[in-house]
Amino acid sequence: MVSYVAKRLFYSIFVLIGLSILIFTLTRIIPGDPARLALGPLAPEWAVERLREKLHLNDPLPVQYIIWLKNAIQGDLGESLVSKRPVVKDFLTYFPATLELVIFSTIIATILAILIGAVAGRYANSWFDNLARIFTYIGISVPGFVWAILLLFLFGYIWKVLPTMGQLSPGLPRPPVRTGMMSIDALLVGRWDVFIDHLKHMILPALCLSIGRIAQESRILRAGIIENLKKDYIAAAISYGIPERRIMLSYLLKPSMIPMVAVMGMDIAGSMGGSYIIETIFNWPGFGRYSLWAMLNKDLNATIASVMLMGMFFAIFNIIVDVIVAYLDPRIRVMERAT
Amino acid sequence: MSENLLEVKDLYVNYKIYEGILKVLNGVNLTVKKKEKVGLIGESGCGKTTTMKAIMRILPDNALIPNGNIFYKGRDILKMSDDEIQKIRRENISMIFQDPTAALNPVLTVGAQLMDVIKYSTDEELTKREIRELAIKALKDVALPDPERILKNYPIMLSGGMRQRICIAMALISAKELLIADEPGTNLDVTIQDQILRLIGRLVEERGISVILISHALGAVKGLVDKVYVMYAGDIVEMAPTEKLFSDPIHPYTQALFKTVPKLTGGGIPEAIKGRIPDYINPPKGCRFAPRCIHAMPICMKEKPPLKNIEDEREVACFLYE
């Protein structure tokens, strides 16, 4: 298993280097002078020129990239042109909030996808399955920001039951920042009221991030269940007299979940991408909103760094998913050992 | 009749598919007595497995049973509640599936599956240790070396012959009265297949249970069973004690079937039966074998010949013997 993970980590390095070259070049060749944008239209030309020099914008592209890469390896991703702080510091501030949101939406998505997919697959073509089918088509075809507007309208305007903006209700104290994830920070200081209030704030944005995933993942699970129900090993297990509940939970669900888990890695990364817009709509002070802001302002260092961070998490989530799939499917483990 | 363990009476099974209704079983009759070893032979696709799945009540959802009874010790399996059939499956009847690779769950260890079977095969509360010991014993009974290691293995790590033995071990645990063996060892090479058949024969003998051995290889059943049913396109066409069937087959289909077996002496390629198993959506009206039968008479096209007792322990469904 260690070599399995090591191999994948090794491959990811190449993916990340490729990604960095691509995004680096892209950000530099699109029109618009970042130095001028950063300083504003009223800044004198000499100041702009000095900033350009400082950012190495006058050097040839490969030289610029090498300089960037050298610094990046040492953990220095440059300074944000907008916040005027080191990009790394900005990320440490904003990223945990996004991670928290993505994790929360992943929990919601996984639980609901398994429940809906398993019941729909086991009782295929029942009323529940048909209902799930309708939900799925809508869930897959409607983009997250439409859900966001719809949910805002429903819960923020018609039934005012859930908060729609920010992370915490006014009046409650922000817990001291330790992990950056407010729910955990609140628990660390034992403030249940803050914890609950914060969770409530997370529900709507997390739902928006998970609806598409629930739809997709439950469909994949349903297909897996229907296919495996026809397998001889299920008929065999029944003929040995193993109770149905036991068969459903361990004989059927485990093999059926493999394809679903395999797409989850992509989906989690997709949620991080979705957070760009969802965080902006729900005013969630996270990394998505920060990155969107960076891109709109042609904040070079912040843009490159945010794309690289996305790429890194994409790679990490996929490695985690590969490990889970290998845990679920011994055939992969055996094959891995053989090669 | 009282000693009949299993009695399938006039069993019809249809499958609903997109193109229409497959009328597969066309009134199957067969009986298995206590401790009796019964063979069931016929071409692929003639309904052998469907009959057995009906007995276990594990037919797929698109199967319909318009008519028939399956009496197990006088009680109709088809009318039992889920709990009752569950108890029969746990304790009385079990089945060895055709393809051991497909019959073992690929994502669970052999131990997990085998121990589950043991755990649910009895009402007693067994401890984990007792279950484990029983599992090791079950693997030793089917002559598997190093059972401790096999318990930890996944099916993919084992050879085809080992998987087959594991399936036999699992089926035997809950087959305390009747074992159904659906073409065991068909996917294996001939020597291993022979070993597997002998193993089943020996274990069935030792435990004093009844067995239904399904095969399309005639020679395979010869030394192992007391009587043989011959099946063609969803009909039982002939039943006879093994020796008699092999020395003197009387149904035209059985006769033709024996001619297809390659012999060591004589040479030449055996004759194949002309034609193929009929279309189950629109099966022939009368005898289903009539279109391929060299003795076919006008009545064969109109009426279905009933399975009749023609002499002691011998039944045939053919108008030649009316």
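Buried means under 20% relative accessible area, exposed over 50%, and partly exposed in between, using a 1.4 Å probe and protein chains only. Keep that handy for the exercises below.

This is a predicted model, where local features need pLDDT of at least 70 and side-chain atom pairs count only at pLDDT 80 or more, while totals for chains, interfaces and linings use all residues. Residues are numbered from 1 along each chain as its sequence is written, chains are lettered from A and ligands numbered from 1 in the order in which they are written, and side-chain values use heavy atoms, with hydrogens and water left out.

**Exercise 1. Describe the overall build of chain A: how many helices and strands does it have?**

Step 1: Start with the count. Helices (H or I, at least four residues) and strands (E, at least two) are DSSP runs, numbered from the N terminus. Chain A has 14 helices and 0 strands.

Step 2: Get the extent. Along the principal axes, the C-alpha atoms of chain A fill a box of roughly 85 × 55 × 40 Å.

Step 3: Look at burial and surface. Of the 339 residues in chain A, 46% count as buried. Its accessible surface (Shrake-Rupley method, 1.4 Å probe; for residues, only the protein chains shown count as cover) comes to about 17200 Å², and carbon and sulfur atoms own 72% of that.

Step 4: Check the contacts, meaning heavy atoms within 4.5 Å. Among chain A contacts with a separation of 6 or more, 72% are between residues 24 or more positions apart.

**Exercise 2. Work out whether A:Ser306 is buried or exposed, and what it touches.**

Step 1: Find A:Ser306 in helix α13 (residues 300-328) of chain A.

Step 2: Apply the cut-off. A:Ser306 has a relative accessible area of 0%, so it is buried.

Step 3: List the partners. Skipping neighbours within four places in sequence, A:Ser306 meets A:Phe91, A:Tyr276, A:Phe287, A:Ser291 and A:Met295.

Step 4: Try a distance. A:Pro96 is 210 residues from A:Ser306 along the chain, and their C-alpha atoms are separated by 13 Å.

**Exercise 3. Sort A:Val87, A:Asp90 and A:Glu45 by exposure class,.**

Step 1: Take A:Val87, in helix α5 of chain A. At 0% relative accessibility, A:Val87 is buried. Beyond four places in sequence, A:Val87 touches A:Leu77, A:Gly78, A:Glu79, A:Ser80, A:Asn301, A:Ala302 and A:Ala305.

Step 2: Move on to A:Asp90, which sits in α5 (residues 87-122) too. A:Asp90 comes out at 1%, so this one is buried as well. Its contacts, again leaving aside neighbours within four places, are A:Ser80, A:Ser83, A:Arg85 and A:Tyr290.

Step 3: Finish with A:Glu45, in helix α3 (residues 45-54) of chain A. With 46% relative accessibility, A:Glu45 is partly exposed. Outside the four-place window, A:Glu45 contacts A:Arg36 and A:Arg52.

**Exercise 4. Explain why helix α11 of chain B counts as largely enclosed.**

Step 1: Count. In α11 (residues 252-259) of chain B, 6 of the 8 residues are buried, so the helix is largely enclosed by the rest of the structure.

Step 2: Name them: B:Pro252, B:Tyr253, B:Thr254, B:Ala256, B:Leu257 and B:Phe258.

Step 3: See what they pack against. In chain B, that's β3 (37-41), α9 (218-222), β9 (227-232), β10 (235-241) and α10 (242-247).

Step 4: Glance at B:His251, in the loop between α10 and α11 of chain B. B:His251 is buried too, with a relative accessible area of 1%.

**Exercise 5. Find the largest cavity and say which residues are closest to its centre.**

Step 1: Set the rule. On a 1 Å grid over the protein atoms alone, a cavity is a set of points where a 1.4 Å probe fits but cannot get out, and lining residues have an atom within 4 Å of a point. Points are joined across faces, edges and corners, and a volume is the space filled by probe spheres set on them.

Step 2: Count and size. There are 4 cavities of 30 Å³ or more, and the largest has a volume of about 80 Å³.

Step 3: Read the lining. Of its 13 lining residues, B:Pro252, B:Cys287, B:Cys293, B:Cys300 and B:Cys318 are the closest to the centre.

Definitions and conventions:
On a 1 Å grid over the protein atoms alone, a cavity is a set of points where a 1.4 Å probe fits but cannot get out, and a pocket is an open set with protein on both sides within 12 Å along at least five of seven lines; lining residues have an atom within 4 Å of a point.
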